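Dear colleague,

Please find below the structure that I am handing over to you. A short account of what was found in it comes after.

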Amino acid sequence: MAAAAPAADGVPGRGPPGEVIHLNVGGKRFSTSRQTLTWIPDSFFSSLLSGRISTLKDETGAIFIDRDPTVFAPILNFLRTKEDPTVFIFLPSECSLKPLNPI
């Protein structure tokens with residue numbers, strides 16, 4: 001696992017909000033912005049991208065998350081749209097990653 005590179009602002013593990021983050025979730029690749037993943041303070045992704053949680057990277061450098069990609073897609077869509085995440089009522093084990101309900 002490679003160490004987090006200092007970003008332009010000099011803070012390790014942080015980058016510009018528009019930086020594209022590549023994820024490998026259960027073998028399926030997702031790409032999104034750092035801003036999308038980190039708009040909820042103290043969430044799983046905020047912790048992951050700040051370096052508070054260690055990351056595992058795949059052979060392409062994408063952050064590997066060992067979860068079902070079918071279940072992850074609605075989570076990412078919630079982060080993108082900020083719409084009511086009622087879908088999570090049906091996904092209790094996946095929501096244990098960290099709360100996604102800032103409302």
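The notes below cover the sheet, the helix across it, one loop residue and the core.

This is a predicted model, in which local features need pLDDT of at least 70 and side-chain atom pairs count only at pLDDT 80 or more, while totals for chains, interfaces and linings use all residues. Residues are numbered from 1 along each chain as its sequence is written, and side-chain values use heavy atoms, with hydrogens and water left out.

Helices (H or I, at least four residues) and strands (E, at least two) are DSSP runs, numbered from the N terminus. Four strands form an open sheet in the order 2-1-4-3, with mixed pairing; two strands pair if DSSP finds at least two bridges between them. Strand 2 (28-33) and strand 3 (56-57) are at the edges with a single partner strand each, so one side of each has no neighbour in the sheet. Strand 1 (residues 20-25) runs parallel to strand 4 (residues 63-65), joined by three bridges; Val-25 has Ile-65 as its bridge partner in strand 4.

The loop between strand 4 and helix 3 contains Arg-67. Arg-67 is partly exposed, at 32% relative accessible area (buried is under 20%, exposed over 50%, partly exposed in between, with a 1.4 Å probe and protein chains only). Its C-alpha atom is separated by 5.8 Å from that of Val-25, 42 residues apart along the chain.

The largest nonpolar core (buried Ala, Val, Leu, Ile, Met, Phe, Trp, Tyr and Cys residues joined through side-chain atoms within 4.5 Å) has 17 residues; among those that touch the most other members are Leu-23, Ile-65 and Phe-72. Helix 3 gives the most to this core, with five residues.

With kind regards
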